[in-house]
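Visitor: Could you take me through the pockets of this protein, slowly and up close? I'm in my first year, so plain words would help.

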Amino acid sequence: MSSNAYVEAQMLIRKPVEDVFEAFINPEVTTNFWFTKSTGRLEEGKTVIWEWEMYGVKNVVNVHQIIPNQLIRTEWGEPSTNVDYEFRIMEKGTLVIIKSYGFSQTGEDLLKVINDNTGGFTTVLDGCKAYLEHRIKLNLIEDKFPSK
């Protein structure tokens, strides 16, 4: 049974919606601020694998729906959860809202996964903003859990 709990992180990115949307579906861009490898672009009905080589972690990502420049609806993680990426045109750029929901955990385990998701998606949005607006690779994901 899944929980009604959800996580939401958002960030205004001062770039056109087409550029921001592309950053999330095109791994050639996404690898500059999030995962290190992908088996392909996000396309509706497709399954891809994202990899974080520095941590030895892979995730199977099922792409359920894509509305160009508006929405990417996915399911991924272990245990899997729904993760939606919403793109809203704003006066100064594009508001990206990442919402994660459908958690199977309860109690303390649910609190931990909510905390991890909130921090993780906030870090992704921070890195995306720095990269798209200033072409700076902050290495936020790599440096979040350094091995040495």
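Guide: Let's begin with a term: a helix here is a DSSP run of H or I with at least four residues, and helices are numbered from the N terminus. Keep in mind that this is a predicted model.

Now for the largest pocket, which has a volume of about 770 Å³. It's lined by 24 residues, and the closest to its centre are Asn59, Trp76, Asp116, Asn117 and Gly120. Who builds the lining? α3 (107–134) is among the elements that supply at least two residues each, along with β4, β6 (81–90) and α4 (140–144). Of these, α3 gives the most, with eight residues. Sort the lining by character and you get 13 nonpolar, eight polar and three charged residues.

Let's follow β4 away from the pocket for a moment. This strand covers residues 57–67 and pairs with β3 in the antiparallel sense, over six bridges. The two form a hairpin with four residues between them, and Gly56 in the turn has a positive phi of about 65°. Within the pairing, Glu51 stands opposite Lys58 in β4. On another side of the story, Lys37 stands opposite Glu51 in β3, where two bridges join β2 (residues 37–38) to β3 (residues 47–52), again antiparallel.

There's also the second largest pocket, with a volume of about 170 Å³. Its lining includes Phe33, Trp34, Phe35, Met54, Leu140 and Glu142. That lining divides into six nonpolar, four polar and two charged residues.

Technical notes. Residues numbered from 1 in each chain as written. Predicted model: local features only at pLDDT ≥ 70, side-chain atom pairs only at ≥ 80, totals over all residues. Heavy atoms only, no water. Pairing = 2+ DSSP bridges. 1 Å grid on protein atoms, 1.4 Å probe; cavity = no way out; pocket = protein on both sides within 12 Å on 5 of 7 lines; lining within 4 Å. Points joined across faces, edges and corners; volume = space filled by probe spheres on them. Nonpolar A, V, L, I, M, F, W, Y, C, P; charged D, E, K, R; others polar.
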